[in-house]
Amino acid sequence: MEDIKTDVVILGAGSGGLSVAAGAAQMGAHVTLLEPGEMGGDCLNYGCVPSKALIAAASVAHSAFRSDDFGISTGAPQVDYAAVMDHVKRAQATIAPHDSQERFEKMGVCVIREAGRFVSDDEIQTDRYRIKTRRIVIATGSRPLVPPIDGLEDVPYLTNETLWDLRERPEHLLIIGGGPIGIEMAQAHRRLGCAVTVIEGSRALGKDDPEFAALLLDRLRAEGIEIVEGAQAKSARHADGRVVLETDDGKSFEGSHLLVAVGRKANTEALDLDRAGIATTRSGVQVDERLRTTNRRVFAIGDAAGGLQFTHVAGYHAGIVVRQVALGLPAKAKTDHLPWTTYTRPELAHVGLTEKEAREKHGDSLRVVRLDFDQNDRAVTEGETEGMIKVMVVRGRPVGASIVGAQAGDLIALWSLAIANGLRMSQISSMVAPYPTLAEINKRVAGAYYTPTLFENDTVKRLVRLVQRRLP
Ligand SMILES: Cc1cc2nc3c(=O)[nH]c(=O)nc-3n(C[C@H](O)[C@H](O)[C@H](O)COP(=O)(O)OP(=O)(O)OC[C@H]3O[C@@H](n4cnc5c(N)ncnc54)[C@H](O)[C@@H]3O)c2cc1C
Ligand SMILES: NC(=O)c1ccc[n+]([C@@H]2O[C@H](COP(=O)([O-])OP(=O)(O)OC[C@H]3O[C@@H](n4cnc5c(N)ncnc54)[C@H](O)[C@@H]3O)[C@@H](O)[C@H]2O)c1
């Protein structure tokens with residue numbers, strides 16, 4: 001066993017760990033990064049990148065179906081599923097160098113391709129090394145949760161870790177779970193020509209605004225996806241090459257393939273956290289607002305910290321932690337301005353308080369302004385008029401925004417900026433967006449906030465008439 005001394009040990013080279021490593025090393029700290037699996041973690045290898053690449057391919061297939069709307073006939077698309085997966089692999093391979101061991105070693109990071117676990121307050125052990133360190137960052141991410149469903153262990157089910165190895169298009173994909181994974185993969189596979197059934201125990205897209213989620217779910221159903229809500233998967237069996245699922249309400253569903261997407265489990269069990277006095281919660285490592293664990297030398301970030309589980313959140317956490325481990329300065333992680341997007345078509349995006357949460361918190365001080373996408377000229381020219389935006393406003397400042405529609409994920413970023421900086425609606429409406437862009441919808445909805453004050457106001461009307469009489 002070789003001994004190493006370092007300033008910072010990072011467990012996990014995923015979105016969060018890599019960002020801490022890059023930041024701390026480039027600021028001059030000695031950084032040791034441990035990773036037993038693929039560099040890049042879930043996002044590059046099993047999550048965001050392959051899923052978005054598959055969605056992009058599905059979008060191309062779908063555009064053939066709606067080309068008639070634009071006066072162009074292309075015929076039904078021929079989908080070569082294996083070639084689609086090749087496109088997915090190419091996208092991953094193109095991004096991989098950015099997360100590679102070589103790149104991080106060039107930054108001065110010591111990369112060890114082994115799993116780490118705690119042996120004391122300030123020591124981590126791997127197979128070959130014992131590492132003494134000032135600070136430790138747990139960035140071990142999460143894995144697919146496998147629910148207690150009778151017979152599931154005997155069914156060849158897929159998860160987000162194995163889906164990308166498929167080479168033949170599923171004839172009928174059954175998906176357990178109507179969260180972002182289930183819903184994104186449902187639309188992608190439907191558009192690539194599969195029959196798809198989503199079985200959701202509660203409400204599909206249950207973390208999003210129900211009104212906006214409903215618009216998206218209607219669209220998905222119109223594309224031919226069967227979405228069954230309020231049906232908990234209870235048992236599964238495999239017979240004659242088919243998967244049969246039964247739900248708690250006595251219904252049964254049959255398909256050729258099964259994808260399990262019922263949430264995540266933080267990777268904490270193998271870390272021997274008790275040896276360092278680190279507490280956990282039901283969802284991950286327990287952290288305070290500075291992302292410190294119950295051991296003050298140790299931080300936890302990203303999926304392992306059990307809060308919002310997104311790549312940009314892991315990256316945001318990394319920034320908060322770099323400041324503390326490299327410079328010793330305190331920094332707090334906020335959650336109000338953290339957005340998320342489900343990358344279906346149309347996209348579904350949200351930041352801050354939902355309308356319901358805002359109503360509960362602010363009561364009568366809340367005003368909700370909204371606009372439909374059919375009011376936006378670019379949406380009309382693109383044939384993307386299905387969508388809406390609503391912004392929750394309290395005393396002139398946005399506290400939340402929901403968008404369902406084309407490019408919702410890009411459009412929501414402005415509202416994250418506004419909430420992060422406490423901007424007023426007047427500051428949003430004072431921007432000028434190029435015409436015709438979808439971005440104009442953000443300005444228009446901010447303008448709509450002032451409509452009753454400016455355009456539906458008798459005092460303003462009387463004042464304007466007075467001014468008009470006096471103007472030369
Ligand atoms: C299908 C899918 C699609 C997604 N799409 C999006 C999206 O579009 N946008 C978005 O923002 N988020 C998306 N996510 C979520 C996103 O992938 C995660 O939130 C993000 O990867 C979390 O980063 P992380 O650094 O916390 O963990 P990870 O990226 O999972 O990295 C953790 C790393 O730690 C390593 N590790 C585990 N144990 C140890 C140990 N003992 N020692 C050392 N290393 C260890 C693991 O091998 C892994 O490489 C998606 C997730 C899935 C599953
Ligand atoms: N676009 C994105 O940013 C994106 C995409 C995919 C995943 N992610 C991240 O990954 C996380 C995990 O996604 P997910 O979709 O697996 O989880 P999720 O927790 O968001 O949704 C899982 C769904 O499965 C349902 N469920 C649980 N057990 C069930 C059962 N036995 N039968 C039927 N339904 C059942 C739940 O009610 C829930 O609606 C997300 O929360 C998100 O943080 C993000």
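Reader: How do the residues of the shell around ligand 2 divide by type?

Author: They divide into 12 nonpolar, 12 polar and three charged. Keep in mind that this is a predicted model.

Reader: Which residues come nearest to ligand 2?

Author: The shell holds 27 residues. Gly177, Gly179, Gly201, Gly263 and Gln309 come nearest.

Reader: Which element gives the most to the shell around ligand 2?

Author: Helix 6 does, with four residues. Helix 6 spans 180-191. Strand 17, at 340-342, also supplies at least two residues of the shell.

Reader: Let me move up to domains. What does the domain assignment give for the protein?

Author: Three entries. Domain 1 covers 2-142 + 265-327, domain 2 covers 152-263, and domain 3 covers 340-454.

Reader: From which domains does the shell around ligand 2 draw at least three residues each?

Author: From domain 2 and domain 3.

Reader: How should I read the meeting of two domains?

Author: Start with the general idea. The size of an interface is often given as the accessible area lost when the parts come together. Here, use contact counts instead. In this model, 12 residues of domain 2 are in contact with 12 residues of domain 3.

Reader: Which elements give two or more residues to the side of domain 2 that touches domain 3?

Author: Helix 6 and helix 7, the latter at 210-222. Helix 7 gives the most to that side, with five residues. Helix 6 thus has two entries in your notes: the shell around ligand 2 and the side of domain 2 that touches domain 3.

Reader: How do the residues of that side of domain 2, the one that touches domain 3, divide?

Author: Into seven nonpolar, one polar and four charged.

Reader: What separation do the centres of domain 2 and domain 3 have?

Author: Taken over C-alpha atoms, the centres are 31 Å apart.

Reader: Now a sheet. What order does the open sheet of three strands have?

Author: Its order is 11-12-13, and the pairing is antiparallel. Next, look for the edges. Strand 11 (233-239) and strand 13 (252-255) are the edge strands, and each pairs on one side only.

Reader: By how much are neighbouring strands of this sheet turned against each other?

Author: By 20° on average, with direction ignored.

Reader: Over how many bridges do strand 12 and strand 13 pair?

Author: Four, in the antiparallel sense. Strand 12 takes in residues 242-247.

Reader: Which residue of strand 13 is the bridge partner of leucine 245?

Author: Phenylalanine 253. Find that pair in the structure, then follow the strands outward.

Notes. Residues are numbered from 1 along each chain as its sequence is written. Chains are lettered from A and ligands numbered from 1 in the order in which they are written. This is a predicted model: local features need pLDDT of at least 70, side-chain atom pairs count only at pLDDT 80 or more; totals for chains, interfaces and linings use all residues. A residue is near a molecule or strand if its C-beta atom, placed from the backbone, lies within 6 Å of it. Ala, Val, Leu, Ile, Met, Phe, Trp, Tyr, Cys and Pro count as nonpolar, Asp, Glu, Lys and Arg as charged, and the others, Gly among them, as polar. Domain bounds come from an automatic or database domain assignment. Two residues are in contact if their C-beta atoms, placed from the backbone, lie within 7 Å. Two strands pair if DSSP finds at least two bridges between them. Axes are lines fitted to C-alpha atoms, for helices over the stretch in contact, and angles run from 0 to 180 degrees between N-to-C directions.
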